[in-house]
Amino acid sequence: TVATTTTTRPAVGAPTVVIQSPQAGVVSGMVSIRASATDDGTVKTIEVYVDGKRLVRKQGGSAVRSWNSNSASVKPGPHTITVKAYDEQGNVGTSSVVVTK
């Protein structure tokens, strides 16, 4: 009989977050926010924020969310889009982009 042992290597660092869109610059109308995260373990959840307000939280390593930059509540000027990803060990990776209305 041959005994085999399988071990799961714990995640060492925080997830790496990439915001595919939008790019930094001027935006108007409906803005598509697209982001993904990778990790040396498993990405548990991903969150999208605009100016510190969470728009969406979902399981897994990718998120797509529309943001209406023409909403009356969105004032002219710079706005920060931040994406946070969490792995199973609680490590947090972030990425941000600044857009201007």
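## Close-ups of a predicted model

**View 1. Strands S2 and S8 lie side by side.** S2 and S8 run parallel to each other, paired over two bridges. One of the residues to look for here is Val26, whose bridge partner in S8 is Thr100. Keep in mind for this and every other view that the model is predicted.

**View 2. The open sheet is built from five strands.** Reading across, the order is S2-S8-S7-S4-S5, and the pairing is mixed. S2 (25-26) and S5 (53-59) are the edge strands; each has a single partner strand, so one side of each has no neighbour in the sheet.

**View 3. S7 and S8 make a hairpin.** These two strands run antiparallel and are joined by nine bridges. Pick out Lys84 and you'll find its bridge partner in S8, Thr94. Four residues sit between the strands of the hairpin, and Gly90 takes a positive phi near 90 degrees.

**View 4. Strand S8 has two faces.** Follow residues 92-100 and the side chains alternate. Gly93, Ser95, Val97 and Val99 point to one face and are buried. Val92, Thr94, Ser96, Val98 and Thr100 point to the other face and are not buried. Two of these residues turned up earlier: Thr94 as the bridge partner of Lys84, and Thr100 as the bridge partner of Val26.

**View 5. S4 pairs with the edge strand S5.** Strand S4 covers residues 43-50 and runs antiparallel to S5, with six bridges joining them. For a landmark, find Ile46, which stands opposite Lys58 in S5.

**View 6. Glu47 joins two arginines in a salt-bridge network.** Glu47 lies in strand S4. Is this residue buried or exposed? Glu47 is buried, at a relative accessible area of 2%. The salt bridges come to two by count, and Glu47, Arg54 and Arg57 are linked in a network of them. In the salt bridge of Arg54 with Glu47, the closest N and O atoms are 3.1 Å apart. In the salt bridge of Arg57 with Glu47, the N to O distance is 3.2 Å. Arg57 lies in strand S5 and Glu47 in strand S4, so this pair ties together parts that are 10 residues apart in sequence. Unlike buried Glu47, Arg54 is partly exposed, at 44% relative accessible area, and Arg57 is also partly exposed, at 47%.

**View 7. Other residues gather around Glu47.** Setting aside residues up to four places away in sequence, Glu47 touches Arg54, Val56, Arg57, Thr82, Val83, Lys84 and Tyr86. Its side chain also makes a polar contact with the side chain of Arg57, at 3.2 Å.

**View 8. Two charged side chains lie over tyrosine rings.** Arg57 lies over the face of Tyr86, 5.8 Å from the ring centre. Lys84 does likewise with Tyr49, at 4.9 Å from the ring centre. How many aromatic pairs are there? The count is zero.

**View 9. Ser69 is tucked into a loop.** Look for Ser69 in the loop between strand S6 (62-68) and strand S7 (78-87). Ser69 counts as buried, at 0% relative accessibility. What is Ser69 in contact with, leaving aside neighbours within four places in sequence? Its contacts are Val27, Ser28, Gly29, Val31, Val74 and Lys101.

How values were computed: Residues numbered from 1 in each chain as written. Predicted model: local features only at pLDDT ≥ 70, side-chain atom pairs only at ≥ 80, totals over all residues. Heavy atoms only, no water. Pairing = 2+ DSSP bridges. Buried < 20%, exposed > 50% of the residue type's maximum accessible area, 1.4 Å probe, protein only. Contact = heavy atoms within 4.5 Å. Salt bridge = Lys/Arg side-chain N within 4 Å of Asp/Glu carboxyl O. Phe/Tyr/Trp six-rings, centres within 6.5 Å; stacked < 30°, edge-to-face > 60°. Lys NZ or Arg CZ within 6 Å of the ring centre and 35° of its normal. Polar contact = N/O pair within 3.5 Å; in protein donor to acceptor, adjacent residues only side chain to side chain.
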